Amino acid sequence: MQKIPKWWIWCYWITPTAWSLNGLLTSQYGEMEKEILIFEEKKQVGTFLKDYYGFSHDRLSLVAVVLIAYPIVYASLFAYCIGKINFQKR
């Protein structure tokens with residue numbers, strides 16, 4: 001996420017895939033203390049996720065709320081648009 005240009009960061013935050021990966025990786029590996037060799041440096045898996053991707057296990061509840069909100073928002077928007085937009089000629 002650090003390599004994303006500042007003017008494109010909004011696209012990262014509105015993408016459901018980013019939130020899904022955040023939730024999956026954080027819930028499975030966020031508290032893992034096993035050391036791995038990454039970029040010729042030994043780090044714990046949880047520390048690597050936090051440093052490189054910005055995925056913190058503390059924000060797992062926020063990720064869950066956002067992932068629940070996405071389908072609700074899209075379904076509500078769909079229902080509103082179906083009710084208001086009419087392409088049939090009168």
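Is glycine 54 buried, partly exposed or exposed? Here are a few friendly notes on this predicted model, starting with that residue.

1. **Glycine 54.** With a relative accessibility of 22%, glycine 54 counts as partly exposed, because the buried class takes in values under 20%. The residue sits in the loop that links helix H3 (45-53) to helix H4 (60-84).

2. **Around glycine 54.** Leaving aside residues up to four places away in sequence, glycine 54 touches Leu49 and Arg59. If you want a distance to check in your viewer, try threonine 26: it is 28 residues away along the chain, and its C-alpha atom is separated from that of glycine 54 by 10.0 Å.

3. **The hairpin.** Strand S1 (residues 35-38) and strand S2 (residues 41-44) run antiparallel and are joined by four bridges. Within this pairing, glutamate 35 of the hairpin stands opposite glutamine 44 in S2. Two residues lie between the strands.

4. **The turn.** Both phenylalanine 39 and glutamate 40 belong to the loop between S1 and S2. You may want to look at their backbone angles: phi is near 55° for phenylalanine 39, a positive value in a residue other than glycine. Glutamate 40, also not a glycine, has a positive phi near 60°.

5. **Exposure in the turn.** Phenylalanine 39 has 56% relative accessibility and therefore counts as exposed, since the exposed class begins over 50%. Glutamate 40 is exposed as well, at 81%.

6. **A salt bridge.** How many salt bridges does the count come to? The count comes to one. The partners are lysine 43 and aspartate 51, whose side chains meet at 3.2 Å, N to O. Lysine 43 falls within the residue range of strand S2 (residues 41-44), and aspartate 51 within that of helix H3 (45-53). Aspartate 51 has a relative accessible area of 37%, so it is classed as partly exposed.

7. **Annotated spans.** An unreviewed UniProt entry lists residues 7-25 and 60-82 under "transmembrane region". In the model, residues 7-25 are 84% helix and 0% strand, with their end C-alpha atoms 26 Å apart. For residues 60-82, the figures are 100% helix and 0% strand, and the end C-alpha atoms lie 34 Å apart. The annotation itself comes from the record, whereas the helix content and end distances are computed from the model, as for residues 60-82.

Technical notes
Residues numbered from 1 in each chain as written. Predicted model: local features only at pLDDT ≥ 70, side-chain atom pairs only at ≥ 80, totals over all residues. Heavy atoms only, no water. Buried < 20%, exposed > 50% of the residue type's maximum accessible area, 1.4 Å probe, protein only. Contact = heavy atoms within 4.5 Å. UniProt positions renumbered as here; feature names shortened; annotations may be inferred. Pairing = 2+ DSSP bridges. Salt bridge = Lys/Arg side-chain N within 4 Å of Asp/Glu carboxyl O.
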